[in-house]
Amino acid sequence: MSDDLHDLYQDIILDHNKRPRHYGVLPDYTHTAAGYNPLCGDKIDVFLIVQDKRIEAVQFEAACCAICKASASMMTETLIGKSLDEAEIAFKRAGELLSTDRNVAADLSVDGEIAALAGVRKFPARIKCATLPWHTYIAALKGDAELGTN
Ligand code: ZN
C-alpha cells in the first residue's frame, strides 16, 4: 500500500472516530447485542431495526478505542438500507479487508469507506478492535445478546 493511500485511510478512520455516525441508543430496535474485546478493553452495543429482511437502521454506543469506534461508524453507513443478503456480503468483505492472511486489495470506489479497514492491517494487534463491531452486529442479528470474549 502506498503511503498516500495509507494516509487517506488514516484520515477516514480519524474522521469517523471524531464524528461517529449513527451514534447512540436506537429507540424501538428489533435486535441488539453487546460486544467486548478484552485485548483492548473495547465495549460496544449495536442496535438494529430489521424489517422485511432489510436493515432499516443501525446505531451503536461504545466505550472503545478510535479504531473500534471508526469501524463501527463505517459499519453503520455500510449496512443501513441493505437487504440481509447484501449485508452478509458487506460483512464478509469487511472480514477480508481486515484479514492479514489474504491481504486483498481494497478499492475506495468499490468498497466505499470501509476500504480504510485495510489500513488497520498495518497494526495486527488492533484488528480485533476493528472486527468487534461487525461481530457484534452478527451476534445481534442472530439473537445472541452477549458476544463472547474471544
Ligand atoms: Zn480497541
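Helices here are DSSP runs of H or I, at least four residues long, numbered from the N terminus. Keep that in mind for α5, because its end is set by that rule. Just past α5 sits Gly143, with a positive phi of about 85°. One caution before going on: this is a predicted model.

Now α5 itself. It covers residues 127–142. How far apart are its end C-alpha atoms? They are 23 Å apart. The 16 residues, at 1.5 Å a residue, should span 22 Å, so the two values agree. There is a kink, though. It is about 30° and centred on Pro133.

Next, burial. Is α5 enclosed or not enclosed by the rest of the structure? Largely enclosed, because 12 of its 16 residues are buried. Buried means under 20% relative accessible area. Pro133, at the centre of the kink, is one of the buried residues. Others among them are Trp134, Tyr137 and Ile138. What covers them? The cover over the buried residues of α5 includes two helices, α2 (66–79) and α3 (84–97). It also includes the strands β1 (31–37), β2 (42–51) and β3 (54–63).

Those strands bring us to the sheet. It is open, three-stranded and antiparallel, in the order β1-β2-β3. β1 and β3 stand at the edges with a single partner strand each, so each has one side without a neighbour in the sheet. From one strand to the next, the twist averages 20°. Between β1 and β2 there are seven bridges. Gly35 is opposite Ile44 of β2.

Last, α2. This helix lies across β2 and β3. Its direction is at about 170° to β3.

Key: Residues numbered from 1 in each chain as written. Predicted model: local features only at pLDDT ≥ 70, side-chain atom pairs only at ≥ 80, totals over all residues. Heavy atoms only, no water. Expected span 1.5 Å × (residues − 1). Bend = angle between axes of the 7 residues up to and from the residue. Buried < 20%, exposed > 50% of the residue type's maximum accessible area, 1.4 Å probe, protein only. Contact = heavy atoms within 4.5 Å. Pairing = 2+ DSSP bridges. Axes fitted to C-alpha atoms, helices over the stretch in contact; angles between N-to-C directions.
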